[in-house]
Amino acid sequence: MAGNVTSLFRSTAAHSPSMAALTRESDGAGPVDFCIPCNPYFPTPAMFEEMAARLRDILTYYPSGADTITAELCSLLRLPPQCVAMGNGSTELITWIDHLLVRESLAVPVPTFGRWTDQPMETGKRVDMFPLQESGGFALDLAQYAEFVRARKTRVAVICNPNNPDGGFLHKHAVVQFMDAMADLDLVVVDESFLEFADAEAEPSVVQEAMLRPNVIVLRSLGKNFGLHGIRFGYLVANPALAGRVRSMLPKWNLNSFAEHVVFMLKEHGAEYAQSLHQVRRDRLDMSGQLSSLPGLTVYPSQGNFLFVRLPLGAEGTVVRDRMLTEHRILVRECGNKIGSSSRFLRLVVRPQVDVRRLVSGLEQVLYGTSGRGAAVPEPATGTGYSSGTAAVDRLVSRTNGAGTRGLAAQAAGAGGVPGPAAAPAVVGTGVPLPAAASAPAVGAGGGTPVPAAASTVPPAMPQPVPDPVPMPQPVPTPAPQQVPQQVPQQTPRPAVARAPVQFPEPVPVPFPEPAPVPAAASLPSPVRMPPPMGPTPPGVPARGGLTAAQVRGTDGLSTAPVTGRQGPQSWPNAAGMGQVG
């Protein structure tokens, strides 16, 4: 496996190769899995033996229809079947939500589960990404997120509780308030795929509240809770009209015989399932403590069955991932491909203590090594300075409203070809915190985009302009509105100088950027102000003008929204209808 490990990760369309692919490349035994967020304590060994005894029938015969399986699940969860739609995994339900209910745009905090960003982009929707800040521990501020949704006039809002990959948790009253504040949107989705593992609140689900509202869907997972990702089953809960619309589009036999068999087994194994959840919660505390003891490793608080960790300074996640697999037969989730994250972060699934001790031992050897330098850290000769990519990704997402580098090009084209130093402040009124943008002007004297290398080669050619004569004798046939940083923009004519913030790298002369018209240079505005793009609105940027929905309703989007719906302990029993213990 050692020679093929990198190609295995590069050749898969997912973030990691499947366990089947890894097993085929090894001697027949797969690695210890800290990558896929599964419940390691359920089903019990006795349940697996029971399924093995029925394997021939399960594989031979068609399953019952989805209505039969859904009715059985609803009887356990004490939910009305008309409010539930079961899918072949939550990914199938996300796909149908996108096709049926997302018309033009969707907002989602990042980093998060990749299908919430990828699926709508694949069908041509605008995805408005709200960056969770590393400096704030990736915590989601719902008030700021609501302002972000209003500023971009997004039509669908998604929140994941707990969030994947960081495990951030939102209390029920805050989620209900957000749902009511967004009552005029086309749809609000609350993804509760990992909520069964949370213990911060006795009844954290908003399923009961979702059934009473016209535009709310709650997504739930069964494979993660029951430790059976291979079966592929999940469900959504909504008011009967929404649930029925999704249910009517699902294939006739979208649930397989394994899913049916497990659902009908659950009523006999409720106690074992509840015990498995408690064991995962205890293991999460123990695992967090052990990982926190590693020097330089940061462990973020989590309410999921996984922990989000930041590697020590200088460590590269792909190197750590590959060495953990080849040298220690441990599979970890490196998060460099998640929007809003970087390769310095890993997501590690909660597992029993014996496996965690093996994980910690492997990380110690890979990160710190026996020779004084772990191979995951660059050679001293190449420099060990490492800057997390999160800030750069946050800045890019904020500047382009989720459109990436193509959005930057569209913004430049819409602004008349002006290069991007002042593009970062162009996204105004979004309500999203942009700490990274504030640090951008610190990159040398040129101020905007982080390309100091190009600017550093220019200063020797620039000392000639002295704020002395008005005419500049350097020959340029035409006034060039598009300035290249290596040439002094010599527009002898007048106020065309105020067209764009010309940046002179040399801070020695008087702080007039234009040598020609001194009075015009004195009135030059701060380069932070960039005029709004002329012409059509670039992709990924909300249209200008008009009132937001919150202004139309005479509210700020949060304060006057009453919390309605069913309150108190009658919320929702956890999966399999076994009330939450402790």
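Biologist: Before we start, what does "buried" mean here?

Modeller: A residue is buried when its relative accessible area is under 20%. Keep in mind that this is a predicted model.

Biologist: Thanks! Which residues of helix α9 are buried?

Modeller: In α9, they are Lys172, Val175, Val176, Phe178, Met179, Asp180 and Ala181. Each of these therefore falls under the 20% cut-off.

Biologist: And what makes helix α9 largely enclosed?

Modeller: Of the 10 residues in α9 (residues 172–181), 7 are buried, so the rest of the structure largely encloses this helix. The cover over its buried residues includes α8, β5, β6, α10 and β7.

Biologist: Why is strand β10 called mostly covered?

Modeller: β10 spans residues 306–310, and 4 of its 5 residues are buried.

Biologist: How do you know which strands pair with β10?

Modeller: Two strands pair if there are at least two bridges between them. β9 and β10 have 2 bridges and are antiparallel, so they meet that cut-off. One bridge links Val299 to Val309. β10 and β12 are joined by 5 bridges, also antiparallel, so they count as a pair too. There, Phe308 has Arg347 as its bridge partner.

Biologist: What do β9 and β10 form together?

Modeller: They form a hairpin, with 6 residues between the two strands.

Biologist: Which residues have the most contacts inside the largest nonpolar core?

Modeller: Tyr145, Leu291 and Leu359 do, in a core of 86 residues. Leu359 touches several residues farther than four places away in sequence, including Phe34, Met287 and Leu348. Another core, of 26 residues, lies apart from that one, with Val102 and Leu187 among its members.

Terms used: Residues numbered from 1 in each chain as written. Predicted model: local features only at pLDDT ≥ 70, side-chain atom pairs only at ≥ 80, totals over all residues. Heavy atoms only, no water. Core = buried A, V, L, I, M, F, W, Y, C linked by side-chain atoms within 4.5 Å. Buried < 20%, exposed > 50% of the residue type's maximum accessible area, 1.4 Å probe, protein only. Contact = heavy atoms within 4.5 Å. Helix = DSSP H or I, 4+ residues; strand = E, 2+ residues; numbered from the N terminus.
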